[in-house]
Amino acid sequence: MPACCSLRNVCEYETSKVVRIQSVYYGSIKWAIHSVVLLYVCIVLIADKRYQKRDAVISSVHTKVKGVAQTEQRIYDTAEYTIPMQGIDSFFVVTNIITTENQIQGPCPEFPIAKAICSTDRSCAKGRMDPQSNGIQTGRCVKYNTTVKTCEVMAWCPVESIKSAPKPAILRSAENFTVLIKNNIHFPKFNYTTRNISPEFNVSCKYNKISSPNCPIFRLGEILQEAGENFSEVAIQGGIVGIEINWDCNLDQWLHRCSPKYGFRRLDDKKANEALYPGYNFRFAKYYKQANGREERTLIKAYGIRFDILVFGMAGQFNFFELLVYIGSALSYFGLAQLFVDFLITSYTFPCFKSNPVKEYYYRKKCESVPGPRWTLLYVAYVDESHVVMIDKLLQTSLQKIKGEIIHRRSGDFTGSAKLPPRHPDEAAALGNAQELQPLQKKEDAAPKDQRPSWCCCGKCRPAQPYWEQLCCRRKDGACITTSALFEQLVLSRSALEFILLYEDPLLDLKAETLNKQLRHTAYKQYIRWRFGEDSSLAKRAVLPNCCRWKIREAFPSRDGQYSGFRKKK
C-alpha cells in the first residue's frame, strides 16, 4: 500500500489481479465447495436465527405451596411443613422430622459419641467443648443408660437422642402437595414483559408434560418423577431439586412466540455416603415459657426437599444490522474454495507429491517469486544459457564461478531497433543477419589462453580487480557475444542509440562533448534490456559481462579514460 504522503495517494484505489484458469476439474471443485458453504450458511441463518438481535432474560419468582398431611400424632398444614426460603428463588417442604420436646437448660449426660464416652471423671475435662457435642463438659462422668457412661454437659436437656432419619418418612404424603410458581420476566433491549400465567389460566389445572405443558401448578410427586427420582425415597433424607424455566422467545411480528418450557433435575449428590451427610436437613427450635417462668423449647430436625427455581432464556428480534454482520462474516467462508484449489495447484511443490506438468503450468501462471531488497543481490545472464541467474551471496571469488538460482526472464521487443536504418553506409555491410545470434564475418582474434583471465571463457575479457566485474558473457568456452551482428546493431549502433536519446529528449544536442557518455550509458541499458528482459527489478541489479563493458567503452570512450564501473545498489 503506498504511503499517504499526498492527497493523490489518499485518493488512490487498489484492486487485485485475477488469474482465471480454464479448467473443468478445478471449476467443478470451486462450485461444489461454494454450494456446500451456501447451504451451510442458509441453514445456520434460519436454524440459529442469526438475523436476530439477542437479549438475556431478567426474572422474578414467587411461589405458593398448598396441601395438608396427616400422621399418627397430628395434622400438618402449610404453616408447619413450609419453611421460609433457604435461598433466592427457592422454597422448602418438610418431608421427615425428628422432635426433641421439653428441653430446658441444665446438666445432663451427653449423647454417646466416641469423644463423650468415659469411665471416670478423669476422662472428662471441665469446660471442654467439641464441635459435634451438644454442650460444654462439666468434668463429671455420669450414666447415660444402664450400660454406657458419658461426660456430663451443660446444654438443652435432654439432648437429641435420635440420629438417623425415620423410615418411612413421616410426611411422605407431601408428594401430593402442589406449588404455584409465578414467574415474571423482562427483556430490557426490546422493552418486552410477560409472565408464565396466561389470561386464560385455569386454577384447577395440573402440570403435565403432554396434556398441560404450560400450567404453572405442579404436583411435588410429579416434579420428582420428571427428575427421575422416587419421592418416597428422597423424602427420608431430603434433597435438592431444580425446576428449570427456559424462556426461548421469538419476538418477530410474523412468528411471535414467547412461552416457558419447564424442566426438572436433581441438584445434590445422591450417591454420597453417610460420612458426607447425604440429603438436605437443618435444625430449628420453638421456644415457650411455662407458668412458673421456666423457659422450654422443642428442638426439630427437619428433613425435606429444597426446590431451586432456575430461570434462564433469550429473546430475539429481527435486526437488519445483525443480518449484515452475519452475511459479511459468512462471505469469508467462500474463500475456502480458493484456498483448497490453490492447495491442489501448488501441491506439486511439496516433496510428498508427485510432479505434475499441468499443475506446474498453472503454478507458474499464478505465482511469481520476487526476492526481497537485499544489497548482495545480483543478476547475470550468459549467452549460452536461456535464463537469468540470481545470486544472493557475499562475493569471495569471481562472479563467474558462483552458481545461483535460475529465474525466467521476459524478453523485450527489439523489432523496432532492428528496422532502424543505419546512418552510415559502412554500418550496413557489418550487420549480417539481425534475426539470429551469429558471429561477424570479420572476427577479431581471441587472446591466447595464457594471457586472458582464468575466469574468461570467450577470450575477450580484460583483467579486473573487483569480484563483481570478473564476469564473462559465456558459461563455457566459445565465441564472444560482442562478435554477434545483433550485438552490433542493438548495442553499438550509433544511429539506434541516438534515436533512443532523441526519443527521450527531442532537443538533445548530438554535437555536445558529453554525447559519448550518454551513448555509452544508453548502450549499457540496451544490452541489459536485450539480455535480461523487460523486468525493471532485474535491470537495476544486472551485471554486464566484462567483455561487453569494454566493447562498449571502446565504441564510446571517455575523454579522460576514466570509468566509474559497476556500482552495487543497496
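**Salt bridges, burial and strands**

Q: How many salt bridges does the structure hold?
A: This is a predicted model, where local features need pLDDT of at least 70, side-chain atom pairs count only at pLDDT 80 or more, and totals for chains, interfaces and linings use all residues. Residues are numbered from 1 along each chain as its sequence is written, and side-chain values rest on heavy atoms, with hydrogens and water left out. A salt bridge means a side-chain nitrogen of Lys or Arg within 4 Å of a carboxyl oxygen of Asp or Glu. The number of salt bridges in the structure is 16.

Q: E160 counts as what, buried or exposed?
A: E160 meets K163 in a salt bridge, 3.8 Å from N to O. For the labels, buried is under 20% relative accessible area, exposed is over 50%, and partly exposed lies in between (1.4 Å probe, protein chains only). K163 sits at 37%, so that side of the pair is partly exposed. E160 is at just 3%, so it counts as buried.

Q: What separates the closest N and O atoms of D268 and R266?
A: These two residues form a salt bridge. D268 has 17% relative accessibility, so it makes the buried class. Its closest N–O separation from R266 is 2.7 Å.

Q: Which helix holds both R494 and E498?
A: The two side chains meet in a salt bridge, at 3.2 Å from N to O. R494 is partly exposed at 28%, while E498 is buried at 5%. They lie four residues apart, about one turn of a helix, and that helix is α12 (residues 494-504).

Q: Which residues are joined into one network by salt bridges that share partners?
A: Opposite charges on side chains can pair when the charged atoms come close. Here, salt bridges with shared partners make one network of E160, K163 and R283.

Q: What share of the protein's residues is buried?
A: The protein has 15 helices and 18 strands (DSSP runs numbered from the N terminus: H or I of at least four residues for helices, E of at least two for strands). Its accessible surface comes to about 35100 Å², with 54% of that belonging to carbon and sulfur atoms (Shrake-Rupley method, 1.4 Å probe; for residues, only the protein chains shown count as cover). Of the 570 residues, the buried share is 40%.

Q: Why is helix α15 largely enclosed by the rest of the structure, and which elements do its buried residues pack against?
A: Seven of the 10 residues of α15 (residues 546-555) are buried, so the rest of the structure largely encloses this helix. Among those buried residues are C547, C548 and I552. Contact means heavy atoms within 4.5 Å. The packing partners are α11 (485-490) and α13 (515-532).

Q: Which residues is I402 in contact with, leaving aside neighbours within four places in sequence?
A: I402 is found in the loop between β17 (388-392) and β18 (405-407). Its relative accessibility is 8%, so this loop residue counts as buried. The C-alpha atoms of I402 and D392, 10 residues apart along the chain, are 9.9 Å apart. With those sequence neighbours set aside, I402 is in contact with I391, K393, L395, T397 and R475.

Q: Which helix gives the most to the nonpolar patch?
A: Patches take residues with over 30% relative accessible area and no salt bridge, joining like charges within 9 Å and nonpolar side chains (Val, Leu, Ile, Met, Phe, Trp, Tyr) within 5 Å. This one covers about 710 Å² and is made by W254, L255, F318, F320, F321 and L324. F318 belongs to strand β15 (residues 295-318) and is partly exposed at 36%. The biggest contributor, with three residues, is helix α6 (residues 320-331).

Q: What is the strand order of the open sheet of three strands?
A: Two strands pair if DSSP finds at least two bridges between them. Pairing in this sheet is antiparallel, and the order is β16-β17-β18.

Q: Which are the edge strands?
A: An edge strand here pairs on one side only. That describes β16 (377-381) and β18.

Q: Which helix packs on the sheet?
A: Five bridges join the antiparallel strands β16 and β17, and V380 stands opposite V389 in β17. The helix touches both of these strands, its direction making about 80 degrees with that of β16. Axes are lines fitted to C-alpha atoms, for helices over the stretch in contact, and angles run from 0 to 180 degrees between N-to-C directions. The helix is α13.
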